[in-house]
Amino acid sequence: MKRMLLKSLFALSCALAVKAAEAQNDVYWREGFDGSDISTTNPGNQGGAQPFYAEGSSSGTWYLYGAYRTTGQACPSPYGPGHIRFRGGSIAGGALQQLITPIVNHGVNEVHFTSTRSSRTFNFYWTADTAATTANWNAAGTSSPSTLCVDNTITINQPTARRIKIESNGDSDIDSIWLTSVSPLPVTFGGVSAAEVSGRVRVTWKIFTEDNTARYEIERSSDGRNFASVGTVGATQAGNYSWLDASPIKGTSFYRIKAIDRDGASMYSGILRILTGSKGDVSISPNPVKGGAVNLQVSNLDRGTYTVSVFNGIGQVVLTRTIEFNGGVSSFPLQLPGGTKAGIYNLQLRNGAEVITKKVIVE
């Protein structure tokens with residue numbers, strides 16, 4: 001119990017530190033390594049385009065050469081269990097392994113990242129070109145973090161930067177990548193969440209800044225790659241928005257929010273993955289929660305080890321715990337940390353690729 005409490009407190013302190021750093025700049029996008037579409041097979045030197053998602057980017061296509069997505073994240077993170085691994089040696093032509101970000105529209109001020117292996121070297125470059133295959137890269141700095149799971153910063157400060165390239169000389173893991181912009185963003189997304197409610201899916205999102213925004217489109221996908229608009233909500237400067245999907249996809253589905261300006265420009269939120277209509281059931285009582293005591297009841301799911309995480313409205317980890325489910329019906333008492341503020345939280349139960357999300361109200 002003491003170990004789990006320390007882990008939870010560490011995760012919360014990391015999230016708060018990141019949030020404090022974010023407050024100084026406009027967060028342009030975050031990494032999308034949420035484990036929802038991860039191949040744990042080393043692709044060697046093949047790499048190439050990987051259409052997983054980054055919040056705020058007009059193009060969600062990353063490029064990986066001699067690198068791949070995997071699980072087994074070493075650092076507590078509210079963003080998911082996945083990270084990027086650079087795997088040994090150089091790629092074709094003798095170049096170092098590379099991770100190239102999606103296109104950036106507002107310039108890059110800073111690149112933030114954490115390392116999940118100590119004493120590894122990362123080289124950073126920027127380009128004004130939009131093509132990932134360009135040869136016009138400008139050196140931006142080198143970082144060799146000696147401490148795991150801390151936020152590291154590379155200053156770019158280039159209003160014309162369109163892509164960032166990260167190189168490694170091998171056997172390196174990188175996670176929790178996020179960029180701050182040079183130009184003010186028309187929209188700054190806060191927390192985005194989705195929860196199943198009586199067979200329907202409630203999508204909610206928080207907006208920190210909203211300038212010249214006309215509307216928000218809710219997009220849905222069955223594979224996390226191909227999205228279609230399923231709803232629209234007008235921008236009202238309310239700060240908090242909600243939309244109900246009355247006919248959700250059964251099983252696994254993905255949602256994201258597209259903010260559209262009056263001049264037609266657009267930005268995206270991060271992608272949410274939710275499992276609906278599952279064979280099992282997860283219930284929370286009491287809900288609303290009083291005094292921080294929560295009882296989690298799990299029934300008719302596959303036996304195995306599950307991770308329980310509670311996130312607040314801006315995606316910070318409030319509580320993380322591992323439970324062993326032996327089948328049938330089982331109850332697990334949870335205690336939220338002291339000082340947990342009243343509000344709406346999301347409880348996430350994860351076992352590999354299977355994720356169940358429930359809304360929790362704390363009074």
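These legends accompany close-up views of a predicted model.

**Figure 1. The whole protein, built from one helix and 27 strands.** The protein has 363 residues, and buried residues make up 51% of them. Take the contacts with a separation of 6 or more: residues 24 or more positions apart account for 66% of these. The accessible surface comes to about 15300 Å². Carbon and sulfur atoms hold 48% of that surface.

**Figure 2. The aromatic pair F86 and F122.** The structure holds seven aromatic pairs, and this view shows one of them. The ring centres of F86 and F122 are 6.1 Å apart, and the planes meet at 55°, so the pair is tilted. A tilted pair falls between the stacked class, under 30 degrees, and the edge-to-face class, over 60. F86 belongs to strand β5 (residues 83-86). F122 belongs to strand β8 (residues 122-127). The pair therefore ties together parts that are 36 residues apart in sequence. F86 is buried, at a relative accessible area of 0%. F122 is buried too, with a relative accessible area of 0%.

**Figure 3. The aromatic pair F113 and F124, and the cluster around it.** F113 and F124 form a tilted pair, 5.3 Å centre to centre with 40° between the planes. F113 sits in strand β7 (residues 108-115) and F124 in strand β8, so this pair links parts that are 11 residues apart in sequence. F113 has 0% relative accessibility and counts as buried. F124 also counts as buried, at 0% relative accessibility. Ring pairs join F86, F113, F122 and F124 into a cluster.

**Figure 4. Strand β11, enclosed by the rest of the structure.** The strand covers residues 163-168. Six of its six residues are buried, so β11 is largely enclosed. In a regular strand, side chains alternate between the two faces of the sheet. Here R163, K165 and E167 point one way from β11. I164, I166 and S168 point the other way. Residues on both sides are buried, charged ones included.

**Figure 5. The strand partners of β11.** Strand β6 (residues 97-100) runs antiparallel to β11, and four bridges join the two. Q97 stands opposite S168 in β11. Strand β8 also pairs with β11 in the antiparallel sense, over six bridges. On that side, N123 stands opposite E167 in β11.

**Figure 6. Charges over aromatic rings.** K165 lies over the face of Y125, at 4.9 Å from the ring centre. K165 is one of the buried residues of β11. Elsewhere, the charged end of R256 sits over the ring of F227, 4.2 Å from its centre.

**Figure 7. The surroundings of E217.** E217 lies in strand β15 (residues 213-221). Its relative accessibility is 14%, and buried means under 20%, so E217 counts as buried. The side chains of E217 and R215 are joined by a polar contact of 3.5 Å. Beyond its neighbours within four places in sequence, E217 is in contact with S229, G231 and T232. Its contacts also include R256, I257, K258 and I260. R256 appears in the previous view as well, with its charged end over the ring of F227.

Notes
Residues are numbered from 1 along each chain as its sequence is written. This is a predicted model: local features need pLDDT of at least 70, side-chain atom pairs count only at pLDDT 80 or more; totals for chains, interfaces and linings use all residues. Side-chain values use heavy atoms; hydrogens and water are left out. Rings of Phe, Tyr and Trp (its six-membered ring) pair if their centres lie within 6.5 Å; planes under 30 degrees apart count as stacked, over 60 as edge-to-face and the rest as tilted. Buried means under 20% relative accessible area, exposed over 50%, partly exposed in between (1.4 Å probe, protein chains only). A charge sits over a ring if NZ of Lys or CZ of Arg is within 6 Å of the ring centre and within 35 degrees of the ring normal. Two strands pair if DSSP finds at least two bridges between them. Contact means heavy atoms within 4.5 Å. Accessible areas come from the Shrake-Rupley method with a 1.4 Å probe; for residues, only the protein chains shown count as cover. A polar contact is a pair of N or O atoms within 3.5 Å; within protein, one must be able to donate a hydrogen and the other to accept it, and residues adjacent in sequence count only if both atoms are side-chain atoms.
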